[in-house]
Each structure stands twice: as C-alpha cells, then as structure tokens.
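User: I'm new to reading protein models and I'd like a close look at one part of this one: the aromatic rings and the nonpolar core around them. Could you walk me through it in plain words?

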Amino acid sequence: PLGAVEGEVPAQYVEGQSAVHTLTPEQANELAKQGATLLLLGVPAGTTIGIDFTSYTAGEKFGGLKMIPPGLHFLSHCAAAASDRAAAPIKAGFWFSASIGSVLVRQWDAEAEDFAAEGAIDAEQLERYALGVRNHEFDAVTGPYPYDSHGDWRALTEHLTIHALRRHQPDPCALTLPVIVSPRSCSVRTGSNGCNGWSRGA
C-alpha cells in the first residue's frame, strides 16, 4: 500500500494545495499501478511546478508526481527567485509521454535554473530510481496527479502525438517562454491565480 498517501499532498511537500481528490489507500494504489511516476530531483522550495492545467508551489521535500495517467503531458516550471527580478522571468517546460508503470526522472540544474537535459542521468542510476518507485520508496515525497482537470486535458490532447510535436518543435522536451508577472506571482497572469496554491492555466 501507499502508506500515508490518501490522495492529498502533505502541506510540507506542496504549499497551498486545494484541488486534489481525496482517495482511499486502495484507490491510490490502483492509480499508482496504472499511472506513471515523474521524479523531479533537487527542485528548490518555492519553485512553481505545473502539470497540464494545474500549477502549485514546491515545498521543502517535493520530489515529483505520481499516478500520472497514460498519454501526453506538459510539465512547466518557474524558478523560485524569478519573481524578485526586475526582468520578466522565464517559464520553461517539456512535453513527456506517460505509459502504464513508467518512471521518468529529471534532475534540477541549480546553475541553469532548469531541468537538465534527458540523458544527464545514466541508465544504471535510472534503473535504481525505477526500482525505488516500485518499492514505494518515493511515496512520501511525490504528490498525486490532479485528476480533477484530467478530463479537460485529455479532450485537448487526445489527437496530439509526440511525433506531431516534433514536426512543429524540434525539441518538444525543451520549451521556454517569457512570463508576465506581478510582484507576488511568478505564474502567467491569464488563467492563473499565482504561485501559492493550485491554479488552472499552467
């Protein structure tokens, strides 16, 4: 079983969560088996992390997301210190394809304030991380995928493929865009409620 995981991310892992379904341990276990896990290693507290239509602020022990349904997803991020800068910060992100039981791992690069490119972690280490996921070693630091918005996301992307993305974007795993911010926010103004809390429109 998933131990303490019952569908809500503990406050010490993700701040301001409000749009996550409450699940029984049995439901959480089944979703974990049927979904993918995305380990996000070394993400600084305060970083804005977005998955599909939902974004939130990473806490001290945030280590990634689990129970991600199969299909295409978009992970975005905005560095914790971005809102303190005079220039507009950059929101970056990458597309990834999730499959049943898959484990994806991305390592944060503190100097670049971005996730390191795929391939930065060797195959042997990736296998150790995958084994750790299967042994539930990362349950305490990974939050559940926000299923409340998955229907909308699936409707938007059901005819999209990674091959189509590559035709229009040479590297769909490395996208950046400028972000218009207010002094207390590092998320896109339109369709978002800021960094603190769950908000549609990542």
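Analyst: Let's start with what counts as a pair: two rings of Phe, Tyr or Trp (its six-membered ring) are paired if their centres lie within 6.5 Å. Planes over 60 degrees apart make the pair edge-to-face, planes under 30 degrees apart make it stacked, and the rest are tilted. Going by that, this structure holds nine aromatic pairs. Keep in mind that you're looking at a predicted model.

Take Phe-53 and Trp-153 as one of the pairs. Their ring centres are 5.3 Å apart and the planes meet at 85°, so the pair is edge-to-face. In sequence these two are 100 residues apart: Phe-53 is in the loop between strand S3 (48-51) and strand S4 (54-58), while Trp-153 is in helix H3 (residues 150-157). So the pair links distant parts of the chain. How covered are the two partners? Phe-53 has a relative accessible area of 22%, which makes it partly exposed, whereas Trp-153, at 6%, counts as buried. The cut-off is what splits them, because buried means under 20%.

Now try Phe-94 and Phe-96. This pair is tilted, with 6.2 Å from centre to centre and 55° between the planes. Both partners are tucked away: Phe-94 is buried with a relative accessible area of 4%, and Phe-96 is buried with 5%. Phe-94 has a charged partner too, as the charged end of Arg-106 sits over its ring, 4.2 Å from the centre.

Back to Phe-53 and Trp-153 for a second: together with Phe-74 and Trp-95 they form one aromatic cluster.

On to the core. The largest nonpolar core has 25 residues. Which ones have the most contacts inside it? They are Leu-40, Ile-49, Ile-68, Leu-75, Phe-96 and Phe-115, so you've already met Phe-96 as one half of the tilted pair. Several elements each supply at least two residues to this core: strand S2 (36-41), S3, S4, strand S5 (64-68), strand S6 (71-78), strand S7 (90-98), strand S8 (103-109) and helix H4 (162-168). S7 gives the most, with four residues.

Phe-115 is a good residue to click on. Skipping its neighbours within four places in sequence, Phe-115 is in contact with Leu-40, Val-43, Ile-49, Leu-75, His-77, Phe-94, Arg-106, Gln-107, Trp-108 and Asp-109. Phe-94 and Arg-106 are on that list, and those are the ring and the charge that sits over it.

Ile-49 and His-77 are both on the list as well, and Ile-49 stands opposite His-77 in S6. The strands S3 and S6 pair in the antiparallel sense over four bridges. S6 is mostly covered, too: seven of its eight residues are buried.

There's another core, apart from the one we've been exploring. This other core has seven residues, among them Leu-39, Leu-41, Val-105 and Val-133. Leu-39 is in strand S2, and its relative accessible area is 0%, so Leu-39 is buried. Leaving out residues up to four places away in sequence, Leu-39 touches Gly-63, Gly-64, Leu-104, Val-105, Arg-106, Tyr-129, Val-133, Phe-138 and Thr-142. From that list, pick Gly-64: Leu-39 and Gly-64 are 25 residues apart in sequence, but their C-alpha atoms are 4.4 Å apart in space. S2 also supplies at least two residues of the 25-residue core. In a regular strand, side chains alternate between the two faces of the sheet.

Here's one backbone oddity to look at in S5. Met-67 is in that strand and has a positive phi of about 60°, although it is not a glycine. Met-67 is buried, with a relative accessible area of 1%.

Finally, how far can you trust what's on screen? The chain has a mean pLDDT of 73, and 66% of its residues reach 70 or more. Among the elements, S2 has the highest mean pLDDT, at 96, and strand S12 (residues 199-200) the lowest, at 33. The pLDDT is below 50 over residues 1-20, a stretch with 55 contacts in the model beyond near neighbours in sequence. The pLDDT is also below 50 over residues 176-202, where the corresponding number of contacts is 77. Where pLDDT is low, the predicted coordinates should not be read in detail.

Terms used: Residues are numbered from 1 along each chain as its sequence is written. This is a predicted model: local features need pLDDT of at least 70, side-chain atom pairs count only at pLDDT 80 or more; totals for chains, interfaces and linings use all residues. Side-chain values use heavy atoms; hydrogens and water are left out. Buried means under 20% relative accessible area, exposed over 50%, partly exposed in between (1.4 Å probe, protein chains only). A charge sits over a ring if NZ of Lys or CZ of Arg is within 6 Å of the ring centre and within 35 degrees of the ring normal. A nonpolar core is a set of buried Ala, Val, Leu, Ile, Met, Phe, Trp, Tyr and Cys residues joined through side-chain atoms within 4.5 Å. Contact means heavy atoms within 4.5 Å. Two strands pair if DSSP finds at least two bridges between them. pLDDT is the predictor's confidence in each residue, from 0 to 100.
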